[in-house]
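The following exercises are meant to be worked through with the sequence and the model in view. Each task is followed by a solution in steps.

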Amino acid sequence: MESPCILLCSIDSKTGYCFGCGRTRDEIGAWTSYSDQERSTVMGQLAERLKGLERKPRRETRRSLMARQGETL
């Protein structure tokens with residue numbers, strides 16, 4: 001199943017969109033129950049949503065942490 005999640009789960013209080021993927025809490029919670037068409041519709045909106053967010057993640061993403069640790073091993 002396709003997912004836009006980048007493991008940076010932090011919701012912007014202004015817009016209600018996740019800083020990492022651009023989905024709302026409701027969309028994130030219902031993602032696995034969505035049809036392929038519903039997921040595709042949401043995926044088509046994410047780039048525009050993310051443009052409107054001021055990028056201020058509150059923590060390092062799990063993926064970036066793993067990548068950073070892998071470089072130092």
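**Exercise 1: Phe-19**

Task: Determine whether Phe-19 is buried or exposed in this predicted model.

Solution. The relative accessibility of Phe-19 is 6%. Buried means under 20% relative accessible area, so Phe-19 counts as buried. As for its place, Phe-19 lies in the segment before helix 1. Leu-8 is 11 residues away from Phe-19 in sequence, and the two C-alpha atoms are 6.9 Å apart in space.

**Exercise 2: The chain as a whole**

Task: State which secondary structure elements the chain contains and what share of its residues is buried.

Solution. The chain has three helices and zero strands, and from the N terminus on the order reads α-α-α. Of the 73 residues, 29% are buried. The accessible surface comes to about 5,300 Å², and carbon and sulfur atoms account for 51% of that surface. Among contacts between residues at least 6 apart in sequence, 51% join residues at least 24 apart.

**Exercise 3: An aromatic pair**

Task: Classify the arrangement of the rings of Trp-31 and Tyr-34.

Solution. A search of the whole structure finds one aromatic pair. Its members are Trp-31 and Tyr-34, with ring centres 5.8 Å apart and planes at 55°. Planes under 30 degrees apart count as stacked and over 60 as edge-to-face; the angle of 55° fits neither description, so the pair is tilted. Both Trp-31 and Tyr-34 are buried. A charged group is also found at Trp-31: the charged end of Arg-23 sits over the ring, 4.7 Å from its centre.

**Exercise 4: Helix 2**

Task: Check whether the span of helix 2 agrees with its number of residues, and then describe its bend and its buried residues.

Solution. Helix 2 covers residues 36-51. At 1.5 Å a residue, its 16 residues should span 22 Å, and the end C-alpha atoms are 24 Å apart, which agrees. The helix nevertheless has a kink of about 35°, centred on Gln-45. Its buried residues are Arg-39, Val-42, Leu-46, Arg-49 and Leu-50. An α-helix has 3.6 residues a turn, so residues three or four places apart point the same way. The cover over the buried residues of helix 2 includes helix 1, residues 25-30.

**Exercise 5: Two further residues of helix 2**

Task: Describe the exposure of Met-43 and Lys-51, and find residues distant in sequence with which each can be compared in space.

Solution. Met-43 belongs to helix 2 and has a relative accessible area of 25%, so it is partly exposed. Leaving aside residues up to four places away in sequence, Met-43 touches Glu-2, Pro-4 and Trp-31. The C-alpha atoms of Met-43 and Glu-2 are separated by 9.3 Å, although the residues are 41 apart along the chain.

Lys-51 also has its place in helix 2. Its relative accessibility is 64%, so Lys-51 counts as exposed. Between the C-alpha atoms of Lys-51 and Gly-22, which are 29 residues apart along the chain, the separation is 9.2 Å.

**Exercise 6: A backbone angle**

Task: Explain why the phi of Leu-7 deserves notice.

Solution. Most residues other than glycine have a negative phi. Leu-7 is not a glycine, yet its phi is positive, at about 65°. Leu-7 is located in the segment before helix 1, and with a relative accessible area of 26% it is partly exposed.

Terms used: Residues are numbered from 1 along each chain as its sequence is written. This is a predicted model: local features need pLDDT of at least 70, side-chain atom pairs count only at pLDDT 80 or more; totals for chains, interfaces and linings use all residues. Side-chain values use heavy atoms; hydrogens and water are left out. Rings of Phe, Tyr and Trp (its six-membered ring) pair if their centres lie within 6.5 Å; planes under 30 degrees apart count as stacked, over 60 as edge-to-face and the rest as tilted. Buried means under 20% relative accessible area, exposed over 50%, partly exposed in between (1.4 Å probe, protein chains only). A charge sits over a ring if NZ of Lys or CZ of Arg is within 6 Å of the ring centre and within 35 degrees of the ring normal. Helices (H or I, at least four residues) and strands (E, at least two) are DSSP runs, numbered from the N terminus. The expected span of a helix is 1.5 Å times one less than its number of residues. The bend at a residue is the angle between axes fitted to the seven residues ending there and the seven starting there. Contact means heavy atoms within 4.5 Å. Accessible areas come from the Shrake-Rupley method with a 1.4 Å probe; for residues, only the protein chains shown count as cover.
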